[in-house]
Amino acid sequence: MTRHVIAPVDELPPGTRKFLTIDARPIAVFNINGEFFGLLNRCPHQGAALCEGPLIGLAQSSDPGQIEYTRLGEIIRCPWHGWEFDIRTGQSYCDPKRFRAKAYPVNVEPGASVVKGPYMAETIAVSVESDYVVVDL
Amino acid sequence: MNVQFRSKPEPGSSAQAKAAIADCDIHPARKTPQELFPYLAKRWHSHLETYGKHPYQGMMDGPPYPKAQPNASRRDAYPPDGGQQGSSLSFMQQQHLDPNNVVLGVLCPLNTGQGIRNQDLSAALATAINDWQIAEWTGKDSRLKGSIVVANEDGPAAAAEIRKRAGDKNFVQVLLLSRNVEPLGQRRYWPIYQAAEEAGLPVGVHAFGFGGNPITASGWPSFYIEEMVGHSQCQQTAFASMVLEGVFERHPKLKMIMIEAGFGWAPSLSWRLDKNWERLRSEVPHVKRPPSEYIREHIYWTTQPMEDPERRDHLFQVIEWVGWDKLLFATDYPHWDYDEPSRVLPPGASEANREAFYLNNALKLYGLA
């Protein structure tokens with residue numbers, strides 16, 4: 001596993017997502033209310049760019065007429081067929097046994113540790129003064 | 001959700017590395033309603049702006065059920081230069097035709113003038129949409145072929161439009177929708193079949209329509225998902241009506257294409273038809289052969305949304321009944337339930353069947369082989 005520095009934390013504020021290619025793999029990193037998540041930008045169903053879909057909540061029902069809508073913004077819905085995946089785990093909600101979106105751990109690391117390495121900084125210039133978003137791949 | 005994927009070429013590999021395909025259901029859109037005005041008499045410009053289109057379904061505009069994605073289309077298919085999905089030829093080429101190596105794309109324009117109550121306006125819109133297809137699509141990309149859109153509830157007007165376009169290589173089929181005022185085999189629609197047979201053109205019946213009838217045989221269901229699966233009911237009605245009204249006896253050369261309503265139900269409906277025909281034949285003496293024979297002879301099926309049973313041998317059994325020579329691959333681009341060409345047909349088909357499925361059946365049916 002290699003750790004990739006993808007952006008200074010200020011460049012990925014809450015509510016934004018960044019698309020990038022690492023080792024020929026299309027990746028998207030999301031900032032959801034200050035938490036960071038990484039996903040392979042390819043739907044395991046038919047291969048669409050999954051991470052271009054909207055972030056929605058999880059609608060569940062214990063009984064007809066009873067609807068609980070929770071985890072707002074933590075479910076990614078595919079821009080083609082609408083398949084839903086948990087952004088934290090990549091779990092599919094319609095067919096969890098056969099399909100899972102590939103999730104990658106994302107962390108914020110202080111510049112001091114990033115400068116030391118061992119990180120792949122891609123084209124990001126790093127300095128000890130800032131914090132950085134780091135994805136493990 | 002087929003689990004048996006074919007390997008997908010890496011991004012950046014040349015389009016020609018993929019096998020050539022025919023896509024028999026592509027939906028071109030207009031950027032604005034006014035995009036049709038150059039093809040419409042001035043009289044209709046002000047009419048549309050003043051009165052709009054008044055469909056049989058009783059709603060002023062739009063589909064009877066809300067869609068699951070914007071414009072019922074892929075969210076990644078908005079052209080970068082603006083407009084709704086499917087409204088830019090250059091972006092369609094870049095996103096779909098080129099990378100998927102589509103060598104034949106059949107256009108099925110929707111939301112045109114089919115199923116509106118003003119028959120003169122319906123006919124004018126049909127003519128306009130046909131001229132628009134030539135000017136904006138088929139005339140600019142020879143891979144694309146148009147559908148002759150007709151005023152479906154006005155048989156003579158529809159037949160006149162078909163005769164006007166007969167022989168025009170920009171068009172490969174006549175387009176009807178599945179939800180009409182009456183089942184499609186009934187006599188008000190016969191002039192359409194007469195003209196199509198004379199022109200040597202198949203008649204495509206695409207899911208949806210604005211005939212005012214509910215999607216089910218027992219009223220309006222609550223959910224969009226019920227409309228999505230209900231298309232097969234409408235298509236079954238059309239299919240039984242065509243056979244039982246004797247349309248294929250009158251028009252032995254007529255071919256029909258069932259577009260976007262599945263095909264897995266074809267065997268069971270055919271078995272029921274045959275069984276009842278054995279007992280009730282005297283009610284419909286014009287139906288001279290078992291219904292399944294007409295169906296297998298005259299009906300073609302587009303594949304999207306592809307049948308997707310848990311066990312692939314079940315899929316192959318259905319296809320064996322329907323006929324490998326009767327399936328026409330389709331993606332439905334840019335609509336949200338698009339089928340990705342490389343992920344539709346599981347392994348197990350012979351090379352000849354695979355080529356028939358993806359390309360050769362379409363070339364042959366449309367007279368382009």
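These are my notebook entries on a predicted model of two chains, A and B.

**Conventions.** I number residues from 1 along each chain as its sequence is written, and I letter chains from A and number ligands from 1 in the order in which they are written. Because the model is predicted, I accept local features at pLDDT of at least 70 and side-chain atom pairs only at pLDDT 80 or more, while totals for chains, interfaces and linings use all residues.

**Confidence.** I looked up the scores and found ipTM 0.78 and pTM 0.89. Chain A averages a pLDDT (the predictor's confidence in each residue, from 0 to 100) of 90, with 93% of the residues at 70 or above. Within chain A, strand S10 (residues 119–120) has the lowest confidence, a mean of 68, and strand S7 (residues 84–86) the highest, at 96. For chain B I note a mean of 92, with 94% of its residues reaching 70 or more. Residues 1–15 of chain B stay under 50. I still find 20 contacts beyond four places in sequence for that stretch, a contact being two C-beta atoms, placed from the backbone, within 7 Å.

**Chain A.** I list 1 helix and 11 strands, both taken as DSSP runs numbered from the N terminus (helices H or I, at least four residues; strands E, at least two). The helix comes after nine strands and before the last two in the pattern β-β-β-β-β-β-β-β-β-α-β-β. The C-alpha atoms fill a box of roughly 55 × 25 × 20 Å along the principal axes. Of the 137 residues, 30% are buried, meaning that 20 or more other C-beta atoms, placed from the backbone, lie within 10 Å of the residue's own. An open antiparallel sheet runs in the order S2-S3-S4-S8, where pairing requires at least two DSSP bridges between two strands. Its edge strands are S2 (17–22) and S8 (103–104), each paired on one side only. I traced the pairing of S4 (residues 35–40) with S8(A) and found 2 bridges, with A:Leu39 opposite A:Ala103.

**Chain B sheet.** Here 8 strands form an open sheet with parallel pairing, in the order S1-S2-S3-S4-S5-S6-S7-S8. Strands S1 (21–26) and S8 (327–328) of chain B have a single partner each, so one side of each lacks a neighbour in the sheet. S5(B) pairs with S6 (residues 256–259) of chain B over 4 bridges, and B:Val205 stands opposite B:Met258.

**Helix H5 of chain B.** In H5 (residues 190–199) I find B:Ile192, B:Tyr193, B:Ala195, B:Ala196 and B:Ala199 buried. They lie on the same side of H5(B), because they cover an arc of only 165° around the axis, taken from the directions from the helix axis to the C-beta atoms. Their cover includes helix H4 (155–165), strand S4 (171–177), strand S5 (203–206) and helix H7 (247–250) of chain B. Just after H5(B), B:Gly200 has a positive phi of about 70°.

**Core.** The largest nonpolar core has 124 residues; such a core joins buried Ala, Val, Leu, Ile, Met, Phe, Trp, Tyr and Cys through C-beta atoms within 7 Å. Among the members that touch the most others are A:Val29, B:Ile192 and B:Ala196. Helix H3 (residues 119–138) of chain B gives the most to this core, 8 residues. Beyond four places in sequence, B:Ala196 contacts B:Ile162, B:Val174, B:Leu201, B:Val203 and B:Leu254.

**Interface.** I count 13 residues from chain A and 13 residues from chain B in the contact.

Conventions
A residue is buried if 20 or more other C-beta atoms lie within 10 Å of its own, exposed if 12 or fewer, and partly exposed in between; C-beta atoms are placed from the backbone.
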